[in-house]
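Could you walk me through how to read helix packing, ring pairs and burial in a structure like this one? I would like the general idea for each feature and then the case at hand.

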Amino acid sequence: MALILNILNFALGGFATTLGWLIATIISAVLVVTLPYSRGCWEITKMSLMPFGNDIIHVKYLEPRSSLSNSLGSVLNVLWFVLFGWWLCLLHILTGITQCLTLIGIPTGLAHFKLARISLFPVGQRVVPKEMAQLVYRHQAEREFENQRNA
């Protein structure tokens, strides 16, 4: 089912958002200042191409690090928003609205609304299979439950 929805997404205009993310990835790789964005751009390019069967998860759940790296990611996300984020978000919103106008495109349109939110602040996001994301979220919930119980 995910394969059919991914093909439908591509046919109904998802290629435009994938192309937009690919352009942003190339620009961020070429310019030295924006080089830290290349990984996040590439991850979301993959998600834009195949939004079904995958999920986006923040890297802090996959590889916990210090708060300094999270702060640096926040600064990079603000810079990203100014340079690329707003137009990629608009592209996803327009694609989502266009796809939702057709009955068959509603599931793919909703996926683009999810991608619009992520396109604003992509630094620190990783694309993983849905099953892995569910395991990570379950593990995080268990850890938070233990912390609250022990407090």
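What follows is a dialogue between a learner and a teacher.

Q: Before we begin, what kind of model is this?

A: This is a predicted model, so let us keep that in mind as we go.

Q: Happy to. Where does the UniProt record place the "transmembrane region" feature?

A: The UniProt record, an unreviewed entry, puts that feature at residues 12-37 and 75-94. You can then look at what the model shows there. Residues 12-37 are 73% helix and 0% strand, with their end C-alpha atoms 27 Å apart. For residues 75-94 the figures are 100% helix and 0% strand, and the end C-alpha atoms again lie 27 Å apart.

Q: Which residues does the annotation "domain: Inner membrane component" cover?

A: According to the same kind of record, an unreviewed UniProt entry, it covers residues 4-54 and 75-125. In the model, residues 4-54 are 76% helix and 2% strand, and their end C-alpha atoms are 14 Å apart. Residues 75-125 come out at 80% helix and 2% strand, with 15 Å between the end C-alpha atoms.

Q: Now to packing. How are two packed helices described?

A: Two numbers do the work: the angle between the axes and the distance between the axes. Take helix 1 (residues 2-30) and helix 2 (residues 38-49): their axes come within 7 Å and cross at roughly 170°. That angle makes helix 1 roughly antiparallel to helix 2. On the helix 1 side, the residues in contact include Asn 6, Phe 10, Gly 14, Trp 21 and Ala 29. Helix 2 contributes, among others, Ser 38, Trp 42, Ile 44 and Leu 49. By class, this contact of helix 1 with helix 2 has nine nonpolar, 10 polar and no charged residues.

Q: What does the packing of helix 2 and helix 5 look like?

A: Here the angle is about 170° and the axes are 11 Å apart. Helix 2 is therefore roughly antiparallel to helix 5. The contact involves Ile 44, Met 47 and Ser 48 of helix 2, together with Lys 114, Leu 115 and Ile 118 of helix 5. Sorted by class, the contact of helix 2 with helix 5 holds four nonpolar, one polar and one charged residues.

Q: Let us stay with Met 47. Is Met 47 buried or exposed?

A: The number to read is relative accessibility, and burial means a value under 20%. Met 47, found in helix 2, has 1% relative accessibility and therefore counts as buried. Leaving aside its neighbours within four places in sequence, Met 47 is in contact with Asn 54, Asp 55, Ile 56, Lys 114, Leu 115 and Val 127. For a pair farther along the chain, take Met 47 and Val 75: they are 28 residues apart in sequence, and their C-alpha atoms are separated by 23 Å.

Q: How does Ile 93 count by relative accessibility?

A: Ile 93 belongs to helix 4 and, at 30% relative accessibility, counts as partly exposed. Its contacts, leaving aside neighbours within four places in sequence, are Phe 113 and Ala 116. From Ile 93 to Lys 114 the C-alpha distance is 9.3 Å, with their positions 21 residues apart in sequence.

Q: And rings? How is a pair of aromatic rings described?

A: Again by two numbers: the distance of the centres and the angle of the planes. The count for this model comes to four aromatic pairs. One of them joins Trp 21 and Trp 80: the ring centres are 5.7 Å apart and the planes are at 10°, so the pair is stacked. Trp 21 sits in helix 1 and Trp 80 in helix 4 (residues 67-100), and the two are 59 residues apart. Both Trp 21 and Trp 80 are buried. Phe 81 and Phe 121 also form a stacked pair, at 5.9 Å centre to centre and 20° between the planes. Because Phe 81 lies in helix 4 and Phe 121 in the loop between helix 5 (106-120) and strand 2 (125-129), this pair ties together parts that are 40 residues apart in sequence. Phe 81, at 35% relative accessibility, counts as partly exposed, and Phe 121 is also partly exposed, at 39%.

Q: Which residues form one aromatic cluster?

A: Trp 21, Trp 80 and Phe 84 do.

Definitions and conventions:
Residues numbered from 1 in each chain as written. Predicted model: local features only at pLDDT ≥ 70, side-chain atom pairs only at ≥ 80, totals over all residues. Heavy atoms only, no water. UniProt positions renumbered as here; feature names shortened; annotations may be inferred. Helix = DSSP H or I, 4+ residues; strand = E, 2+ residues; numbered from the N terminus. Axes fitted to C-alpha atoms, helices over the stretch in contact; angles between N-to-C directions. Parallel < 35°, antiparallel > 145°, perpendicular 65-115°, else oblique. Contact = heavy atoms within 4.5 Å. Nonpolar A, V, L, I, M, F, W, Y, C, P; charged D, E, K, R; others polar. Phe/Tyr/Trp six-rings, centres within 6.5 Å; stacked < 30°, edge-to-face > 60°. Buried < 20%, exposed > 50% of the residue type's maximum accessible area, 1.4 Å probe, protein only.
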